[in-house]
Amino acid sequence: MLRLFRRNRQEERQATEQAVKPSRDRWFGRIVGLLRSPRLDDAVWDEIEEILISSDVGVETSLRIIEQLRERAVTDALKQALTQDLSGDFEGLLPSDDGASKPYVILMVGVNGVGKTTSIGKLAHHFSESGKRVVIGAADTFRAAAAEQLEILGERVGVDVIRHAAGADPGAVAYDAYQASKARGADVLIIDTAGRLHTKSNLMEELRKIHRVLNRQDTSAPHEVILTLDATTGHNGLVQAKSFNEAVNCTGIFLAKLDGTARGGIVLAIRQELQVPILFIGTGEGMGDMAPFDAEDFVDALLAPV
C-alpha cells in the first residue's frame, strides 16, 4: 500500500482551505448562512437544494442531504426547546463542605404512596456514598409503619434513624433529630413527614410547624424542602404538588418511579407549572437507582434513536 508523506498538519489544513475557498465562497458558505436562518421554511430548503445541485453535488445526493438536514434541524430545534424548558438557575443538591450549615437539613414532603420513604433511603445512600454522615428523622408519626420502614432502610444504607413512638408529636421528632445530628457531627439531616392526616388543612399546618421547629434551631433551615412526586400518576400529581408548594415553599422535586412510565413528558409539565427544579429522578428499585437531574442528559436520552 502506498504510504503518504505527511507535511505539517497546519500547512495541510491551510492548503485544503485554499483549495476549497472558491466552492465555499460561491456555494457552501451560502448554505451555512441559510441554515442559520431563524425560520427554515420551504423557500429556504428549496434554495439550499438549488445551491447543492448547482455546485455539482448531483440531484440524488442533493435530495438525500436535504432530507438529512431537515431531520437534523428539527431534532436539534426540539432538543434546544426541551433543554431550555427544563433548565434553570439552580445547582444540584450539594451540602456545603465548609461546615457553616451543619447539618444540612432536607425536609421531605409528599402524599403517601408516591415513594417518599424509598426516595429518602436513596438520598441517604447517595450522600453516604459521597462521604457525608447522614441522619434520618422519622417525623411521620401518623402512619404506624413509617418509622419501621425508615429504620430498615437506615440499616441497609448504614445511617442513624431518630424516631419516637407512633402518634408522637412530629415537631418533637424533628427537634430531637436536629439535636442528635448536631451532637453526632452529621453533615446531612433528612426528615420524613406525614403524607396524610385527618384533613388536608391539618396536614399542611403540621408541615408548617415542623418547618418552624427546624428554623428555630438554625435560621437557614430547612435548607431544602423536597417534594416527592410519583411520575406514574402524571398530571394527577400536580394538583397535590401545588398544595404542598403553597404550604411550605418547595425548593426541589424528587421524581420517583420515572422508570415505570412511558409518559416522561410529565417532567416538562412539572417544571413549567410548578416552577420548581427537579433535583433527582428515580431510575429503578435499588438504593443506588437514582440520579441527579441534568436537563441536557435527560433530553439526549429522551430523543435517542430507538
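**Exercise 1.** In this predicted model, state whether E151 is buried, partly exposed or exposed, then find which side chain meets E151 in a salt bridge.

Solution.
Step 1. The relative accessibility of E151 is 31%. Partly exposed covers the range between under 20% (buried) and over 50% (exposed), so E151 counts as partly exposed.
Step 2. The salt-bridge partner of E151 is R163, at 3.2 Å from N to O.
Step 3. E151 belongs to helix 5 (residues 146-157), while R163 sits in the loop between strand 3 (160-162) and helix 6 (170-183); the two are twelve residues apart.
Step 4. R163 has a relative accessible area of 30% and is partly exposed.

**Exercise 2.** Work out which parts of the chain the salt bridge between K209 and D169 ties together.

Solution.
Step 1. The side chains of K209 and D169 form a salt bridge with an N to O distance of 2.9 Å.
Step 2. Because K209 is in helix 7 (residues 200-217) and D169 is in the loop between strand 3 and helix 6, the pair ties together parts 40 residues apart in sequence.
Step 3. K209, at 33% relative accessibility, is partly exposed, and D169, at 35%, is partly exposed.
Step 4. Elsewhere, R133, D160 and R184 are joined into one network by salt bridges that share partners.

**Exercise 3.** Locate the two residues of the salt bridge between R30 and E47, and give the count of salt bridges.

Solution.
Step 1. The R30 and E47 side chains meet at 4.0 Å, N to O.
Step 2. R30 lies in helix 1 (residues 9-35) and E47 in helix 2 (residues 42-54), 17 residues apart.
Step 3. R30 is partly exposed at 40% relative accessibility, and E47 is partly exposed at 35%.
Step 4. The count is 15 salt bridges.

Methods
Residues are numbered from 1 along each chain as its sequence is written. This is a predicted model: local features need pLDDT of at least 70, side-chain atom pairs count only at pLDDT 80 or more; totals for chains, interfaces and linings use all residues. Side-chain values use heavy atoms; hydrogens and water are left out. Helices (H or I, at least four residues) and strands (E, at least two) are DSSP runs, numbered from the N terminus. Buried means under 20% relative accessible area, exposed over 50%, partly exposed in between (1.4 Å probe, protein chains only).
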